[in-house]
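Subject: Handing over the structure

Hi there,

Here is the structure I promised to pass on to you. Have a look at it first, and then read on for what I found.

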Amino acid sequence: MAAANTDAAPRLGVCYYPEHWPEEFWARDAARMADIGLTQVRIGEFAWSRLEPSPGDFRWEWLDRAIETLRAAGLGVALGTPTATPPKWLIDRHPDILAHDRHGRPRRFGSRRHYCFSSERYRAESARIVEAMAARYGRHDAVIAWQTDNEYGCHDTVRSYSPEAERAFRRWLAARYGDIGALNGAWGTVFWSQDYRAFDEVDLPNLTVTEANPSHVLDFHRFSSDQVVAYNRLQTDILRRLSPGKPIFHNFMGFFFDFDHFAVGADLDFAAWDSYPLGFLDVAPFPPEDKVRYRRQGHPDIAAFHHDLYRAAGRGRFQVIEQQPGPVNWAPHNPAPLPGMARLWAIEAAAHGADAVSYFRWRQAPFAQEQMHAGLLRPDDQPAPAYQEARAAARDFVAVGAAAPTPASVALIFSYEAHWLFEAQPQGAAWSYPGLVFEWYSALRRFGLDVDIVSPEAALSGYKAVFVPSLPIIDDAFVGRVRASGALALFGPRTGSKTATLTIPPTLAPGALTALVPLTVTHVESFPADHREAGRFNDGAVSGRIWLEHVETALAPLAARNQGGGLLYRNGKALYLTTVPDHGFLAALFWSILTEAGVATAPVDPDIRLRRRGDLVFAFNYGPEPRDVSAIAGGASFVLGAPLIEPAGVAAWRDEAHKMKTAR
């Protein structure tokens, strides 16, 4: 496991494109970066056409000079491999490199990410350019880290429907099942006369008249994820050979789940991600009132959710390699951040354990697709609003210094495979696995908690409470880890409802979970989002929504449904929900579990979020009005801010007892 950065304050950096600017700008740019406290610069990830303008004609000299210029200013370089943007000459030579969309059409040159992960030709070309870069810069002392490619899967590019992908999928199936009869049995191809005689008869699951076999779809999603993992490993193997000791990362995205980030992260030294809270709020299905209240701040849990997810994917280490500094260019609506948010987002990342935070980008480009994306500088070279906020954040990083991570008391289980399964067979338009996980995360954070988001394969020892919003595929090993942890464990609906091949378990749902919660799901219902199933919990009225399971069990319901049956059951330390709880039900249930488990809480105002890092407690105000945290901080000494936190403000205080105070 990669060690966290505990011996130095987090670094602040920026993304820079020297090939975009006249060379006479470079030294002045580097000096200004250093002047405002930046120490890390990411470059190179889109530069293939300038590095190799013609086949085999490498032009390294300009990049040599750019790296030397940055080093002379005291800046470390995070160097990206340029494989997200194969040049035109390469596509013209080998058009089979292109991915195809689900309609079978090639996704042509003229933008970015125009390649198929399954293309053997592109893998060879990627290996060639990465080897050339690593041979030249792998031991360069200014290069402090490598980034592989850029934003795997952006623009819906994980799942390719090209001839190359079809051939690779057939090989993947043959390796997985060995015998075509095993595939037929696993997929239930006897249904609708879908039996196959050989793996070469299996098509990709697109262009079908109606829905494709869901087991077929799930395996295609697994295959597509594995192709990303293999492609990334191709690059990391080269970089480790030619650039020993230099850490390697990839920049993941927000609310993107098409491949298994835990699996990709296993080949990295740390995870990184690209944080655009305002853009994510605009495109994600948040309630209208949240979009209005947090339009210039982002939802209070968007950034934190991804910090905690990618810290797990990075096995304890992560960075924010692209931090939104102003309006973006890609959302339907692009407001400017509330003054102070560019600073707040950076400090919040550090509070969640980020080794570094880099703003995207240094100077706003006056040309091409991203010319409406703000930077720290305007296109006319004058400071943009976030410029001084970056300077302030750099000072704040020094003020708070280094701090060891604080172990969380609660774990939230997240599964990429679960998301793919529900995509293949949602059984209800209102059902959203990412939405459910985010709701649970947000509800836990409202109690002032630090939360570890972990994979189903993670060790669970040391946690007092484990929360599983839904996990359709489980096995005895997972059940054993939950039991061995001794934690109180809450399982959401549809847990244990499917086998690994996406069929109903022979003993019905919840499958292997019956060892912890002895009940049988006999049938299920799904509802529109406005439907409610009324019940009672702890003498209060509650309701479920979206999903309802009818069960047979000797257990008495812990939350009874008014029309009979239960919304919640308990056996020992395991609790099982048959529905998606409304917000009041979820809050009451979480409070009950956390209290029983002995988890120290500090319930906060809806606009305030807390995060602990060592002996520091950070508070962030996402609301449009000032908020007072003196009831939580008590008489502690403040390192940043004061008990009254202004909108987009941050406070941090030392808790010498290392124990969260309880405020009710």
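Nine strands come together in an open sheet, and the pairing between them is parallel. The order across the sheet is β5-β4-β3-β2-β1-β9-β8-β7-β6. The strands at the edges are β5 (248-249) and β6 (251-252); each has a single partner strand, so one side of each is left without a neighbour in the sheet. Please keep in mind that this is a predicted model.

For one pairing inside that sheet, look at β3 (residues 76-80) and β4 (residues 143-147), which run parallel and are joined by four bridges. Val77 is a good place to start, as Val143 in β4 stands opposite this residue.

Two other strand pairs are also worth a visit. Strand β12 (residues 465-468) pairs with β13 in the parallel sense, over four bridges. Val468 has Phe491 in β13 as its bridge partner. In β13 (residues 488-491), Leu488 and Leu490 point one way while Ala489 and Phe491 point the other way, and all of them are buried.

The second pair is antiparallel: six bridges join β21 to β22 (residues 616-621). Together β21 and β22 make a hairpin with two residues between them, and Gly614 in the turn has a positive phi of about 65°. Next to the turn you can pick out Arg613, whose bridge partner in β22 is Leu616. How many residues of β21 (residues 608-613) are buried? Six of its six are, so to speak, under cover. On one side these are Ile608, Leu610 and Arg612, and on the other Arg609, Arg611 and Arg613, so both faces of the strand are covered.

Now to the interior. The largest nonpolar core has 162 residues, and Trp362, Leu376, Phe467 and Leu490 are those with the most contacts inside it. Helix α13 (residues 341-351) gives the most to this core, with nine residues. Apart from it lies another core, of 26 residues, which includes Val454, Ala487, Phe491 and Leu555.

If you want to see the surroundings of one core residue, try Leu376. Leaving aside residues up to four places away in sequence, the residues that Leu376 touches include Val14, Ile36, Leu38, Pro325, Tyr359 and Trp362. Pro383, Ala384, Ala386, Tyr387 and Ala390 are also among them, as is Arg361.

On to charged side chains. Side chains of opposite charge can pair when their charged atoms come close. The count for this model comes to 51 salt bridges, and I picked three to show you.

- Glu52 and Arg128 meet through their side chains, at 2.7 Å from N to O. Glu52 lies in the loop between α2 (48-51) and α3 (61-72) and Arg128 in helix α5 (residues 120-137), so this salt bridge ties together parts that are 76 residues apart in sequence. Glu52 is buried, with a relative accessible area of 0%, whereas Arg128 is partly exposed, at 29%.
- Arg176 forms a salt bridge with Asp219, and their closest N and O atoms are 3.5 Å apart. Since Arg176 lies in helix α6 (residues 163-177) and Asp219 in helix α8, the pair ties together parts that are 43 residues apart in sequence. Arg176 counts as partly exposed, at 40% relative accessibility, while Asp219 is buried, with a relative accessible area of 0%.
- Arg363 and Asp381 also meet in a salt bridge, at 2.7 Å from N to O. They are 18 residues apart, and each lies in the loop between β9 (356-359) and α14 (386-400). Both residues are buried. They also belong to a network of salt bridges that links Arg28, Asp29, Arg32, Arg363 and Asp381.

Last stop, the surface. Which residues make a nonpolar patch of about 400 Å² there? Val190, Phe191 and Trp192 do. You will find Phe191 in the loop between α7 (180-187) and α8 (214-242). Is Phe191 buried or exposed? Phe191 counts as exposed because its relative accessibility is 54%, and the cut-off for exposed is over 50%.

Enjoy exploring, and write back whenever you like.

Best wishes

Methods
Residues are numbered from 1 along each chain as its sequence is written. This is a predicted model: local features need pLDDT of at least 70, side-chain atom pairs count only at pLDDT 80 or more; totals for chains, interfaces and linings use all residues. Side-chain values use heavy atoms; hydrogens and water are left out. Patches are made of residues with over 30% relative accessible area and no salt bridge: like charges are joined within 9 Å, nonpolar side chains (Val, Leu, Ile, Met, Phe, Trp, Tyr) within 5 Å. Accessible areas come from the Shrake-Rupley method with a 1.4 Å probe; for residues, only the protein chains shown count as cover. A salt bridge is a side-chain nitrogen of Lys or Arg within 4 Å of a carboxyl oxygen of Asp or Glu. Buried means under 20% relative accessible area, exposed over 50%, partly exposed in between (1.4 Å probe, protein chains only). A nonpolar core is a set of buried Ala, Val, Leu, Ile, Met, Phe, Trp, Tyr and Cys residues joined through side-chain atoms within 4.5 Å. Contact means heavy atoms within 4.5 Å. Two strands pair if DSSP finds at least two bridges between them.
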